[in-house]
Each structure stands twice: as C-alpha cells, then as structure tokens.
Amino acid sequence: MSKEYIIPACSGIKIDVQQGQNITVIDIEGGQVVDFFAEVTDKPNEFLSTGVTIDCNESIKLKIGDTIYTNLYTPMLEVLSDDVGEHDLLHPCCRPEMYDYFYHNGKGHRNCFDNINNALKEQRPIITPVNLFMYTKINTNGNITVEKPISEAGDKIVLKALLNITLGIAACSVSESQCNSGKCSSVKVIVD
C-alpha cells in the first residue's frame, strides 16, 4: 500500500519503511534540498553513514545502482532511479551554530539538525545525511562551493530499502544562500 507524505518547507518528518519498499523523494517546485537520514529500525546505533557510503562506492557521487551503507558497513538503500544525478554526501545538517558561523542568525532559526532529531525523538550530536538534490561543486584544487540545485519541478530519486528502517527527513531550511535556490519549499515522499 502506497503512502504519501508532504514535508513543509523548513520542517522534518519520521517515516517507517519496511525492507523491500521503495522510497520516492520528489522536489515539488525544483531547487530544494532534502536532508535524508535513516537508522535501522529498533537499532538507533546503526544508521546511514555518508562516510561509509563514500568508502564502499569509492566515489563522492551517487549514481543509479549504488548502495547507501550504514555505519557498520551494512547495505541499507539502493538507488533505483534518479532524475537529477547531483546529491551531496559531504555536508552535515544545517544547525544553529552553522547559521551563526555563516550568517550570524542562528538563534531560533529552523534547521535540519533539530528537525530530524525532533522527528526521531533523539539528540544525536551530529547528523550527516545524504543531501538529496544539493549541488556541491568540487574544484580541482580541493575547494568546494555550494551552488544552486539543478533539480527542476517534479524531479525525483527512488531508493529501495534493503532493511527495515526509520527515516528522518527534512526539507532544508537554508534560504540565505543558493543551497535551496535562495528560498525554501516543500517536498513530497512516497513509500510503496
């Protein structure tokens, strides 16, 4: 049975997913980043790890057929299809301290770190999600810049759950830069 969720701009949600189900994440308006985090159901100490994913795939980019891994090197998700082909595996969730550092406005600012922790009823000290649709340009000298996402309205990525997992997903709250095209919007998630 298919379930559909709308995640309003600058908010987060918890979604339980069974092994074998597909997760479709849709950028409704285009240009919106989605902080996508997951943990193994009933095992919160085993969770999505972008570092392990980079290690196992030997790439800082995700492509169709790639696997997303847990911190214990267990296959967690498989990329089935992808309209965009640009997703960030490097940046942690935005958080009040990040807003203070870059924009001097962290107090009371909505952020993905709190939105995911609150959705999961946890207090993880750091969350490094797969930042779906986020375009991080990696220059030959090693410098990185966050550019405007190339995702357009209706673009999606489809992931298959390889385990029973609990998702913590946030529609990113950064409007101060090109990260979300200078504005924040809602996203859709379908689980079937």
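How many aromatic pairs does a search of the whole structure find? The search finds four. The model is predicted. Phe37 and Phe47 form one pair, and Phe102 and Tyr103 form another. Two arginines also sit over phenylalanine rings: Arg95 over Phe113 and Arg124 over Phe47.

**Phe37 and Phe47**

- The ring centres of Phe37 and Phe47 are 6.1 Å apart.
- Their planes meet at 40°, so this pair is tilted.
- The pair links distant parts of the chain, 10 residues apart.
- Phe37 belongs to strand β4 (residues 34-40), and Phe47 belongs to strand β5 (residues 43-47).
- Phe37 has a relative accessible area of 2%, so Phe37 is buried.
- Phe47 has a relative accessible area of 24%, so Phe47 is partly exposed.

**Phe102, Tyr103 and their cluster**

- Phe102 and Tyr103 make a tilted pair, with 45° between the planes.
- Their rings lie 6.1 Å centre to centre.
- Phe102 counts as exposed because its relative accessibility is 53%, and exposed means over 50%.
- Tyr103 is partly exposed, at a relative accessible area of 26%.
- Both residues belong to a cluster linked by ring pairs, together with Tyr99 and Tyr101.

**Arginines over rings**

- Arg124 places its charged end over the ring of Phe47, 4.6 Å from the ring centre.
- That same Phe47 ring is paired with Phe37.
- Arg95 lies over the face of Phe113, and the distance to the ring centre is 3.9 Å.

Technical notes:
Residues are numbered from 1 along each chain as its sequence is written. This is a predicted model: local features need pLDDT of at least 70, side-chain atom pairs count only at pLDDT 80 or more; totals for chains, interfaces and linings use all residues. Side-chain values use heavy atoms; hydrogens and water are left out. Rings of Phe, Tyr and Trp (its six-membered ring) pair if their centres lie within 6.5 Å; planes under 30 degrees apart count as stacked, over 60 as edge-to-face and the rest as tilted. Helices (H or I, at least four residues) and strands (E, at least two) are DSSP runs, numbered from the N terminus. Buried means under 20% relative accessible area, exposed over 50%, partly exposed in between (1.4 Å probe, protein chains only). A charge sits over a ring if NZ of Lys or CZ of Arg is within 6 Å of the ring centre and within 35 degrees of the ring normal.
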